[in-house]
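Please open the structure in a viewer and keep the sequence panel visible. The tour below proceeds by selections, each followed by a description of what is to be found there.

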Amino acid sequence: MHDSVAPARPGNLLLVCAAATVGVHIWMIFSGLVPNLVSRPLHFASALPWVFLFAAARGRVERWFGIFCCLLGLAGAFYIIADRKALLDQYGSLDGSAFQFALAIALILVTLEMARRAVQPVLPGVALICLLYGLFGEHLPGMFGHPGVPLDYFFGAMVLAEGGLWGQLTGTSIDLIVPFMILGAAVSAGEAGRGFMAIATQLAGGYRAGAAKVSVLASALYGTISGSASANVASVGAVTIPGMIRMGYPRPVAAATEAVASTGGQIMPPVMGAAAFVMAELLRKPYAEIAVASILPAILFFFVAWVGVHCFALRYNLKALPASELPGWRVASVAAPFFALPLAVLILFLLVLSYSPAYSAMVATLVTVAMLVWDGSGKRFDIALFGNRLAVGLVEAARQIALIAAIIICAGLIVGVFHTTGLGVKITGFILDMSGGRLWVALLLTALACTILGMELPTTAAYLICVAVAGPALVKLGLPELHAHMFVFWYALLCTITPPVCGTVFVAASIAGTPWLPVAGMAMRIGLGLFIIPLGFVANPDLLYLAEAPVAAIFAMAKIGAGLVGLSYALIGGVGSLWLRLLFGLVGIAVIFV
């Protein structure tokens, strides 16, 4: 194993800002006594420079406008912090002064622009429509009109109260999501990538289509501690996709395999995507319960991806990796601790000792940071390498914190309007009327809505909007709350592999140097589990009750898994006639849903 190459060190300004951003969040995590109207505006303020100053701007006008927005947002956030006690006495309403009206409008506009720059324009567009509904919805006829909300109360609820910008979602971002962002950045800065690649190659490389199965297993391992599909495909795919192409794999197959496997990073416990932390908060359940409930569905997802890869192996006669390319158990055992030790510490503190997710993530981060001092051999200290890795990890953590803040705080406006106007209840009633009281019709409508929203929104934002409008309707039709939220969460993930906006597919196709459309077609077949498993745990609800009824949950997993094998063979083939594949598909559907 060759020596590590020191990563490029970020500039001093970036490093100082990153240290301040990460440092203030660590202080808020461990303090536990920071008032909401201090911690949440600080979260907002810390994201502003990364979105408006350090991100690439399109021309001089956008750059100067970004500086103006950053200064305006900082001024507004620090006014909220400085005048917190007086604002609390206003009970969520503006005092009627022109200054507070201007402050509210300025902070809302800065939030919308921050979300536009950080993610796609659709999220701030949806937020703007909701705000306009709150302001003018009283003029709408029929069930979607509302009685009207006084302007001082409406803007106060969005900006001054612990709702809207500073609501529950922003608190979740600070308390649950940010600690894992910091952990993921620290892990990525070190030798963890080499660790999970060595383990995956040694375990899976000897099977038929070994290089592709290494991709599936490596992405599953990376997903346990990353929770990010985009980070997964960029880091793991940079190694696995060229390796598959070198072994003679068709480029679309290589790219599709990694795109699907990387998507699983957001559903693989113990660190799932940001939406899972939001789900825990909305359900008022410990995050550990969400993680345990997700174990069997995640295993099923990677199992069906493995089966899909095997079917392609039969079709294209894909071979195992040669023995000379397997690292051997000695090399794997040297590399494994860089990845396995932080994961083991996280599982111990989170699931065994039942510490809070934030505390568990921070302990795992300390262990990870301590390991940055070792080079790739695991036997030699390298202080210069440690400094560079720590700097890279700080900057990446700060960028991720800013991204999630831009998404969550903007989504907070949408949720704030729902609560203020009762729009969520109205949409729930509309879905119930459309479905005619039939659960499966409501599920299909919800799946369609999640897929459409997911085409232009990050998973967390798509999940939040869909679960706010459709979740209550599904629960009223008899679906348990956990199942309703998990159903929406999984279908919000479809955007990662489903055209026309399929983020992991685009990244994987660019790495493979192949057009993205064939990659998307193959990815949807390999990623069949993403479409079927949510329907499977509605038809077989025991799948999510691993903690309460482990035997029934494992039986449900076996039942759904057997059906998915038949469906994968029907869609991909490999050997046998078309009629045999059709028969396997029909049997697979019957096994899952009957």
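The stops that follow concern a helix pair, the nonpolar cores, a buried helix face, salt bridges and unusual backbone geometry. Please note that the model is predicted.

**Stop 1: a pair of helices**

Select residues 12-31, which form helix α1, together with residues 383-421, which form helix α19. The two helices pack at an angle of about 65°, and their axes are 8 Å apart. The crossing of α1 past α19 is left-handed. On the α1 side, show the side chains of Leu-14, Leu-15, Ala-18, Ala-19, Thr-21, Val-22 and His-25. Their counterparts in α19 are Ala-391, Leu-394, Val-395, Ala-397, Ala-398, Arg-399 and Ile-401. In this contact, eleven residues are nonpolar, two are polar and one is charged.

**Stop 2: the nonpolar cores**

Next, select Tyr-463 and Phe-489. Within the largest nonpolar core, which has 187 residues, these two have the most contacts. Helix α15 (residues 287-316) gives the most to this core, namely 16 residues. Which residues does Phe-489 touch, leaving aside those up to four places away in sequence? They are Gln-266, Ile-267, Met-272, Ala-275, Ala-276, Met-279, Thr-459 and Tyr-463. A second core, separate from this one, has nine residues, among them Val-22, Ile-29, Met-362 and Ile-401. Two of these names are familiar from Stop 1: Val-22 and Ile-401 also take part in the contact of α1 with α19.

**Stop 3: the buried residues of α25**

Select residues 516-526, helix α25, and display Val-519, Ala-520, Met-522, Ala-523 and Ile-526, the buried residues of this helix. Adding the surrounding helices shows what these residues pack against: α13 (251-263), α15, α24 (503-512), α26 (528-539) and α27 (550-572).

**Stop 4: salt bridges**

The model has six salt bridges. Begin with Glu-113 and Arg-116, whose side chains meet at 2.8 Å, N to O. Why can these two side chains reach one another? The two residues are three apart in helix α5 (residues 98-118), and therefore separated by about one helical turn. An α-helix has 3.6 residues a turn, so residues three or four places apart point the same way. Glu-113 is buried at 12% relative accessibility, whereas Arg-116 is partly exposed at 31%.

Then select Glu-289 and Lys-285, which form a salt bridge of 3.9 Å, N to O. Glu-289 is partly exposed, at 41%, and Lys-285 is likewise partly exposed, at 33%. Return finally to Glu-113 and Arg-116: salt bridges with shared partners join them with Glu-62 and Arg-117 into one network.

**Stop 5: unusual backbone geometry**

Most residues other than glycine have a negative phi, and most peptide bonds are trans. The last selections depart from this pattern. Select Pro-269 and Pro-270, which are joined by a cis peptide bond with omega of about 5°. Pro-270 is placed in the loop between α13 and α14 (274-283).

Move on to Arg-284, in the loop between α14 and α15. Although not a glycine, Arg-284 has a positive phi of about 60°. Is Arg-284 buried or exposed? At 64% relative accessibility, Arg-284 is exposed. Its side chain also forms a salt bridge with Glu-281 (3.7 Å, N to O), and Glu-281 is partly exposed at 24%.

The tour ends at Ser-354, in the loop between α17 (337-352) and α18 (357-371). Ser-354 has a positive phi near 60° and is exposed, with a relative accessible area of 57%.

Definitions and conventions. Residues are numbered from 1 along each chain as its sequence is written. This is a predicted model: local features need pLDDT of at least 70, side-chain atom pairs count only at pLDDT 80 or more; totals for chains, interfaces and linings use all residues. Side-chain values use heavy atoms; hydrogens and water are left out. Axes are lines fitted to C-alpha atoms, for helices over the stretch in contact, and angles run from 0 to 180 degrees between N-to-C directions. Helices (H or I, at least four residues) and strands (E, at least two) are DSSP runs, numbered from the N terminus. A crossing is left-handed if the near helix is turned anticlockwise from the far one by less than a right angle, and right-handed if clockwise. Contact means heavy atoms within 4.5 Å. Ala, Val, Leu, Ile, Met, Phe, Trp, Tyr, Cys and Pro count as nonpolar, Asp, Glu, Lys and Arg as charged, and the others, Gly among them, as polar. A salt bridge is a side-chain nitrogen of Lys or Arg within 4 Å of a carboxyl oxygen of Asp or Glu. Buried means under 20% relative accessible area, exposed over 50%, partly exposed in between (1.4 Å probe, protein chains only). A nonpolar core is a set of buried Ala, Val, Leu, Ile, Met, Phe, Trp, Tyr and Cys residues joined through side-chain atoms within 4.5 Å.
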